[in-house]
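Here are some exercises to work through with the model open beside you. Try each task before reading its solution.

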Amino acid sequence: SSGDSALSAFKAAAAIAQQQQQQQQQDAPGTAAASAAEGAPATHAELSRLHCRVYFQLASYADQRFKEIEAQMASPEWQKQKQVLQYKEGIWSAILQRAQELRRLPPAKQGSQAVLAEMRELNKNSGMQKQVINDREIVRQVAANRAACLRTALSSYRLCIATGNTHDLQVVYRLCGLWFKLSADPSVNGALGDVFASTPSAKFVPLVYQMASRLDSTEGSFQAVLKTALSRLMLEHP
């Protein structure tokens, strides 16, 4: 789809930006000296702003797609589609079970007119298997797209605030909003753990009270990441 193509293009641009940043970090001392001698702005700073912008655009696009898929999955139409799928799965399961029961009958009974007639009726529903498979694939693909967009948004937001400070406030609020909403998802907690580990803690100071209000005595990945992040904040910003 056009949305998937745009996401792929953004990802490619972000990958190039990341490679350029790594190369720039290796070449930074000589490049900065040459730029200073020429009276030009430091190339490293320009690239950092470019990378920050690219990551923010990628994150924003993926985040918007994630919101759209979330809205789709919460819609009455989607819920109805899932109910229809469950209904079809129930019918198909019953058909398979009944067919197995008939096949386990003694040979003499399997050849009776009544059993043969029932088998013919069951065979008329063989097309339902294809319907169930197709409907399951649609549900699986939507869920996979949701996960991919969320994963891309989180990682790109992390790279955005790791490479620059142009969008700090907007990004940290959105990151924590997603984290709080999806706190039961271990993959989201893992992604936020990576964010806190690779980002200056000062960027999360504006959210320290919101984070602290969610502390409790329960176990789990959310509380583990939260406690680690708050411990670092308290240590570095007493």
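A residue counts as buried when its relative accessible area is under 20%, as exposed when that area is over 50%, and as partly exposed in between. Please keep in mind that this is a predicted model.

**Exercise 1. The overall fold**

Task: Find how many helices and strands the protein has, and what share of its residues is buried.

Solution: Start with the secondary structure. The protein has ten helices and zero strands, which gives the pattern α-α-α-α-α-α-α-α-α-α along the sequence. Next, look at burial: of the 238 residues, 33% are buried. Finally, turn to the contacts with a separation of 6 or more: 71% of them join residues 24 or more positions apart.

**Exercise 2. Lys 203**

Task: Decide whether Lys 203 is buried or exposed, and list what Lys 203 is in contact with beyond its neighbours within four places in sequence.

Solution: First locate the residue. Lys 203 sits in the loop between H8 and helix H9 (208–212). Its relative accessible area is 16%. The cut-off for buried is under 20%, so Lys 203 is buried. Now for its surroundings: with neighbours within four places in sequence set aside, Lys 203 touches Ile 161, Gly 164, Asn 165, Asp 168 and Val 172. To finish, take Leu 233, which is 30 residues from Lys 203 along the chain; the two C-alpha atoms are 9.9 Å apart.

**Exercise 3. Ser 60**

Task: Place Ser 60 in its helix and assign its accessibility class.

Solution: Ser 60 belongs to helix H2. With a relative accessibility of 27%, Ser 60 is partly exposed. As a further step, compare sequence and space: Ser 60 and Ala 153 are 93 residues apart along the chain, while their C-alpha atoms are separated by 6.9 Å.

**Exercise 4. Two helix pairs**

Task: Work out how H6 and H8 are oriented to each other, then do the same for H2 and H3.

Solution: Begin with helix H6 (residues 127–163) and helix H8 (residues 186–198), whose axes lie 10 Å apart at an angle of about 10 degrees. Angles under 35 degrees count as roughly parallel, so H6 and H8 are roughly parallel to each other. On the H6 side, the contact uses Leu 150, Leu 154, Arg 158, Ile 161 and Ala 162; H8 brings Val 188, Ala 191, Leu 192, Asp 194, Val 195 and Ser 198. By class, that contact has eight nonpolar, one polar and two charged residues.

Now take helix H2 (residues 43–74) and helix H3 (residues 76–103). Their axes come within 4 Å and cross at roughly 60 degrees, and H2 and H3 are therefore oblique to each other. Gln 72, Met 73 and Ala 74 of H2 meet Pro 76, Trp 78 and Gln 79 of H3. Four nonpolar, two polar and no charged residues form this contact of H2 with H3.

**Exercise 5. Aromatic rings**

Task: Find which residues the ring pairs link into a cluster, and which residue lies over the face of Phe 180.

Solution: The whole structure holds four aromatic pairs. Ring pairs link Trp 179, Phe 180, Phe 196, Phe 204 and Phe 222 into a cluster. Then inspect Phe 180: Arg 214 lies over its face, 3.8 Å from the ring centre.

Methods:
Residues are numbered from 1 along each chain as its sequence is written. This is a predicted model: local features need pLDDT of at least 70, side-chain atom pairs count only at pLDDT 80 or more; totals for chains, interfaces and linings use all residues. Side-chain values use heavy atoms; hydrogens and water are left out. Axes are lines fitted to C-alpha atoms, for helices over the stretch in contact, and angles run from 0 to 180 degrees between N-to-C directions. Angles under 35 degrees count as roughly parallel, over 145 as roughly antiparallel, 65 to 115 as roughly perpendicular and the rest as oblique. Contact means heavy atoms within 4.5 Å. Ala, Val, Leu, Ile, Met, Phe, Trp, Tyr, Cys and Pro count as nonpolar, Asp, Glu, Lys and Arg as charged, and the others, Gly among them, as polar. Rings of Phe, Tyr and Trp (its six-membered ring) pair if their centres lie within 6.5 Å; planes under 30 degrees apart count as stacked, over 60 as edge-to-face and the rest as tilted. A charge sits over a ring if NZ of Lys or CZ of Arg is within 6 Å of the ring centre and within 35 degrees of the ring normal. Buried means under 20% relative accessible area, exposed over 50%, partly exposed in between (1.4 Å probe, protein chains only).
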